[in-house]
Amino acid sequence: MKHIHKYETISHHGITSELSELGLQSAEIRKCSKCKKEKIFVLTQKGEWFPLIDERESDEQDILLA
């Protein structure tokens, strides 16, 4: 079932100095209130949250022809 994920923060984590040097400030584990899927989000120095892993759903354009 396809739906728009509505993530809620379930835990907030600090990061190491090495990750801070790479431009990250914080990390959170969030869970979708509808399907219960968990995902890790990171906060950049620009103040923007991004998912750590991009899990786009594949479509016909993503299929490689051999």
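How many bridges join β3 to β4? Three bridges join these two strands, which run antiparallel, and they belong to a sheet that can be followed strand by strand in this predicted model. The sheet is open and is formed by four strands in the order β1-β2-β3-β4, with antiparallel pairing. As a general background, the strands of a sheet pair through backbone hydrogen bonds, either parallel or antiparallel.

**The sheet as a whole**
- At the edges of the sheet stand β1, covering residues 7-13, and β4, covering residues 49-51; each has a single partner strand, so one side of each is left without a neighbour in the sheet.
- If direction is ignored, neighbouring strands of this sheet are turned against each other by 35° on average.

**β1 and β2**
- Strand β2 is made of residues 24-32, and its antiparallel pairing with β1 extends over six bridges.
- Within this pairing, T9 stands opposite R30 in β2, while H13 stands opposite A27 in β2.

**β2 and β3**
- The antiparallel strands β2 and β3 are joined by seven bridges.
- Two of the residue pairs here can be located in the structure: L24 has T44 in β3 as its bridge partner, and E28 stands opposite F41 in β3.
- These two strands form a hairpin with five residues between them, and in its turn K36 has a positive phi of about 70°.
- Why is strand β3 described as largely enclosed by the rest of the structure? Strand β3 spans residues 38-44, and five of its seven residues are buried, so the strand is largely enclosed by the rest of the structure; buried here means under 20% relative accessible area.

**β3 and β4**
- The hairpin of β3 and β4 has four residues between the strands, and G47 takes a positive phi near 85° in this hairpin.
- F41 can be followed to both sides of β3, since its bridge partner in β4 is P51, whereas E28 is the residue that stands opposite F41 in the pairing of β2 with β3.

Conventions: Residues numbered from 1 in each chain as written. Predicted model: local features only at pLDDT ≥ 70, side-chain atom pairs only at ≥ 80, totals over all residues. Heavy atoms only, no water. Pairing = 2+ DSSP bridges. Axes fitted to C-alpha atoms, helices over the stretch in contact; angles between N-to-C directions. Buried < 20%, exposed > 50% of the residue type's maximum accessible area, 1.4 Å probe, protein only.
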